[in-house]
Amino acid sequence: MDHSIVEFFDSNVGHKCGYCKNEGSKFSKGMWAHIMNVTDYQDLIDRGWRRSGQYCYKPMNNKCCCPMYTIRCDALSFRPSKSQKKVLRKFKNYVQNGQCSGYKHTENSTGNSKEDVDDIMHNQRQVRKYSYSSYDKLYSVKGDNVHGERSLGVKNKEMHGSKSIIANEDRGKEKRKASASNEEKKLEDWLHFTLQSRHNFEVRMVRANLDDQDFAQSLPESLRIYQKYQVKVHGDEIDKCNEKQFLRFLCKNSFLADRTYGAFHRQYMIDGRIIAVGVVDILPDCISSVYLYYDPDYSYLSLGTFTSLHEIALVRKMHEQFPSIKYYYLGFYIHSCQKMRYKGQFAPSFLCCPESYTWQPIEVCKQLLDSAPYTRFESNAEQQDENIFQSKEDVMIFFCDKKMKWNEYEGLVLQDEKRRLQETVEIVEYGNLVGKSLCSRLLLYRNNGI
């Protein structure tokens, strides 16, 4: 296996929090990944790390204003909730029938425009109105009829009442039957579309690499959607989300070439046009969501939830061929930020304990987080980090294009006592952050001019 090469940055400077907007209250440690194999990155995210392009960072949750905890969903045990089924039903209804509640996007002549959908809904209301009024006319009489007609009217009303009861019972049975059918549906059933659909929906998976032909060809359209999303949803200036920033943030990565694993863009397309892009990492144990951006004109389709559900289905599909892939990682869960709590709705979900690095049910974690923004999730006080850093002798170094153990590097370079002390302090902090196992696998880059 090829070694990962990383460069550690020791910084204690606080930065502005992107969630509560406080100045100098966000703290993290970082390292630049010159080369990264997927196994090492899997172990890093299981210790609270995350990447942005080639830069990997770990929040110092015990110092941060808004602690960020790694969250994952057990995709094999996942069942869509009622609200998630509603999203799936809405998307499916739009693709298959061209209908959607809250529809506001105007399409070209080949699809449904807002007016088309309004007409369909109006016609459906008229049919229901006609049916109800016809039924009422058939089984009712006017109040100013003669006695006999009144008797007939009472009789007809009784008939009407009994038929209404029967009709209501039938409708109730149908609803219960439909409800039971929905309960039995798997996630994959909701994501199946008929061939006679009004729109053509497809998902294209392209490797995040400019050398990939499909990625390069779709780059202009994908970039346009990204810029549109950043400006409208996040209020960014257009010059802050240019092509260079886009490539650095969501395209460039340090993963070694691999046929199965690595960084990908999942392009969600309707009628040949990209409407959303989910940036994901496929790793040995999971699919990790990096970022999602979408065309704001399609926001009524709840694309954040829909694409997450689609990616959970991808985990399950890949599990059939790669049994170790079982989880869907949603990045960081931030309990102090209301808009980020949605990540906990993909059940069953678990948070990574920031001290023991064990996974705990989110329901338990939420109760603890209601009391304190930073907390230990592991209830067993004796349970410690099983991969705890033990000695700087475990650290592997990459120096002058050679890999070596720490003691060899120390003997070659660290003759100056002040420099030795400085590097030793840094190495110990690095070791505590990545753990014993990764210390012996990652190659820590050292510059000859440090």
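**Exercise 1. Work out how E7 sits among its neighbouring strands in this predicted model.**

Start with E6 and E7: they run antiparallel and are joined by seven bridges. For a concrete pair, take Glu 202, whose bridge partner in E7 is Met 269. Now go to the other pairing: E7 and strand E8 (residues 273-282) also run antiparallel, with nine bridges between them. Met 269 turns up here too, standing opposite Ile 274 in E8. Next, look at the hairpin of E7 and E8: two residues lie between the strands, and Asp 271 takes a positive phi near 55 degrees. Last, check the cover: nine of the nine residues of strand E7 (residues 262-270) are buried.

**Exercise 2. Place His 199 and decide whether it is buried or exposed.**

First, find it in the chain: His 199 is in the loop between helix H5 (187-190) and strand E6 (201-207). Then check its accessibility: the value is 4%, and buried means under 20%, so His 199 counts as buried. Now for its company. The His 199 side chain makes a polar contact with the side chain of Asp 271, at 2.8 Å. That's the Asp 271 with the positive phi in the E7 and E8 hairpin. Val 95 is 104 residues away from His 199 in sequence, yet their C-alpha atoms are 4.9 Å apart.

**Exercise 3. Find out how many disulfides the structure holds, and check Cys 64.**

The count is zero disulfides. For Cys 64, the nearest cysteine sulfur belongs to Cys 65 and is 6.4 Å away. A disulfide needs the sulfurs within 2.5 Å, so Cys 64 is in none. As for cover, Cys 64 counts as buried at 10% relative accessibility, and Cys 286 is buried at 0%.

Conventions:
Residues are numbered from 1 along each chain as its sequence is written. This is a predicted model: local features need pLDDT of at least 70, side-chain atom pairs count only at pLDDT 80 or more; totals for chains, interfaces and linings use all residues. Side-chain values use heavy atoms; hydrogens and water are left out. Helices (H or I, at least four residues) and strands (E, at least two) are DSSP runs, numbered from the N terminus. Buried means under 20% relative accessible area, exposed over 50%, partly exposed in between (1.4 Å probe, protein chains only). A polar contact is a pair of N or O atoms within 3.5 Å; within protein, one must be able to donate a hydrogen and the other to accept it, and residues adjacent in sequence count only if both atoms are side-chain atoms. Two strands pair if DSSP finds at least two bridges between them.
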